[in-house]
Amino acid sequence: MEREKKKWIDILYRLLDITLFLAKQSLSFRGHREDFASKNCGNFLELVSLLSNYDLVLKEHSKRLQQSLESGLIPVSYLLPAVQNEFISLLGDAVKQESICEIKKAKFYGILFDSTPDISHTEQMSQVIRYVKIDNRNVEVKESFLGFIPLSGKKADSITQEIVQSLEKDGLDLKLCRSQGYDNATTMSGIHTGVQTRIKEFNPKAMFVPCANHSLNLCDVHAFGSVSVCVTFFGTLESVYTFFFMFNT
């Protein structure tokens with residue numbers, strides 16, 4: 001029993017290392033065909049196959065899977081897409097918890113939130129925490145991405161609730177927040193009913209600093225918009241992009 005348990009633990013260690021490598025290199029996990037009979041699977045299965053040529057544990061695992069499939073059985077492989085997604089989720093949670101521990105150790109922090117629709121047109125908000133990490137005499141300003149938050153609404157009150165609930169879920173005390181940064185949209189930066197004002201109702205010490213990149217983008221938009229040649233150029237460029245995008249889809 002112990003020997004069987006150790007065998008599966010050894011296999012899982014190798015599969016987690018493959019997952020970590022692909023995630024670190026920002027490589028896709030799966031291809032068009034993920035069945036074992038395919039000659040060109042995704043990166044995850046291809047790496048398992050490659051390492052099986054040199055690693056006895058994975059070699060035995062692959063051989064056992066092949067024998068089970070030839071016998072018409074459905075073996076336990078830990079290689080299916082659902083399991084790959086679970087590996088990614090577990091490693092992501094571990095990285096997130098490590099970042100949260102660093103933030104809590106730093107005590108004070110700043111929040112950076114920005115919303116954008118994803119490829120499925122679902123509105124989501126990215127959550128980034130800025131803090132100062134002090135390790136002996138080394139001082140480093142860090143920004144840690146903690147994840148995406150699906151938005152239930154686009155109004156200031158609902159966005160504020162999402163931010164507060166997200167911080168509470170991560171165990172971060174809003175009273176220790178010392179800065180907040182968003183774009184220049186009225187919903188976020190409004191001085192009367194914007195998100196920054198509503199956050200200050202929870203913590204007056206959370207000073208608002210508008211995003212410099214968004215400010216620069218607004219300057220560029222208005223500057224180019226006042227020159228007819230630029231308007232024509234970017235209008236034509238957008239039309240070309242739309243044509244090829246619609247053609248490919």
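Tutor: Start with axes. They are lines fitted to C-alpha atoms, for helices over the stretch in contact, and their angles run from 0 to 180 degrees between N-to-C directions. The model here is predicted. In it, the axes of α1 and α2 come within 10 Å and cross at roughly 130°.

Student: Why are α1 and α2 called oblique to each other?

Tutor: Set the angle against the bands. Roughly perpendicular covers 65 to 115 degrees, and roughly antiparallel needs over 145. The α1 and α2 axes cross at roughly 130°. That value falls in neither band, so α1 and α2 are oblique. Their crossing is right-handed.

Student: Which residues of α1 and α2 meet?

Tutor: Leu15, Ile18, Thr19, Phe21 and Leu22 come from α1. Their partners in α2 are Asn43, Phe44, Leu47, Val48 and Leu51. By class, this contact has eight nonpolar, two polar and no charged residues.

Student: What makes α2 roughly perpendicular to α3?

Tutor: The α2 and α3 axes come within 7 Å and cross at roughly 115°. The band for roughly perpendicular is 65 to 115 degrees, so α2 counts as roughly perpendicular to α3. The crossing of α2 and α3 is left-handed. Val48, Leu51 and Ser52 of α2 make the contact with Leu58, Lys59 and Ser62 of α3. By class, that gives three nonpolar, two polar and one charged residues.

Student: How do you know that Ile11 is buried?

Tutor: Buried means under 20% relative accessible area. Ile11 has 0%, so Ile11 is buried. The residue lies in helix α1. Leaving aside neighbours within four places in sequence, Ile11 is in contact with Val57, His61 and Arg64. The C-alpha atoms of Ile11 and Glu60 are separated by 9.9 Å, though these residues are 49 apart along the chain.

Student: Why does Ser26 count as exposed?

Tutor: Exposed requires over 50%. Ser26 has 68% relative accessibility, so Ser26 passes. Ser26 is found in the loop between α1 (2–24) and α2 (43–52).

Student: And what makes Tyr78 partly exposed?

Tutor: Its relative accessible area is 30%. Buried needs under 20% and exposed needs over 50%, so partly exposed is the label in between. Tyr78 is found in the loop between α3 (56–70) and α4 (81–106).

Student: Why remark on a positive phi in a residue other than glycine?

Tutor: Because most residues other than glycine have a negative phi. Ser26 has a positive phi near 55°. For Tyr78, phi is near 60° and likewise positive. Asn136 also takes a positive phi, near 55°, in the hairpin of β2 and β3. That hairpin has two residues between the strands.

Student: How do you know that strands β2 and β3 pair, given the bridges that join them?

Tutor: Pairing needs at least two bridges. There are 12 between β2 (residues 123–135) and β3 (residues 138–150). So the two strands pair. They run antiparallel. Arg130 stands opposite Glu143 in β3.

Student: Which residues are buried in helix α7?

Tutor: In α7 (residues 195–202), Val195, Gln196, Thr197 and Ile199 are buried. The label places each under 20% relative accessible area.

Student: What do the buried residues of α7 pack against?

Tutor: They pack against α5 (156–169), β4 (177–181), α6 (186–189) and β5 (207–208).

How values were computed: Residues numbered from 1 in each chain as written. Predicted model: local features only at pLDDT ≥ 70, side-chain atom pairs only at ≥ 80, totals over all residues. Heavy atoms only, no water. Helix = DSSP H or I, 4+ residues; strand = E, 2+ residues; numbered from the N terminus. Buried < 20%, exposed > 50% of the residue type's maximum accessible area, 1.4 Å probe, protein only. Parallel < 35°, antiparallel > 145°, perpendicular 65-115°, else oblique. Left-handed = near helix turned anticlockwise from the far one by under 90°. Contact = heavy atoms within 4.5 Å. Nonpolar A, V, L, I, M, F, W, Y, C, P; charged D, E, K, R; others polar.
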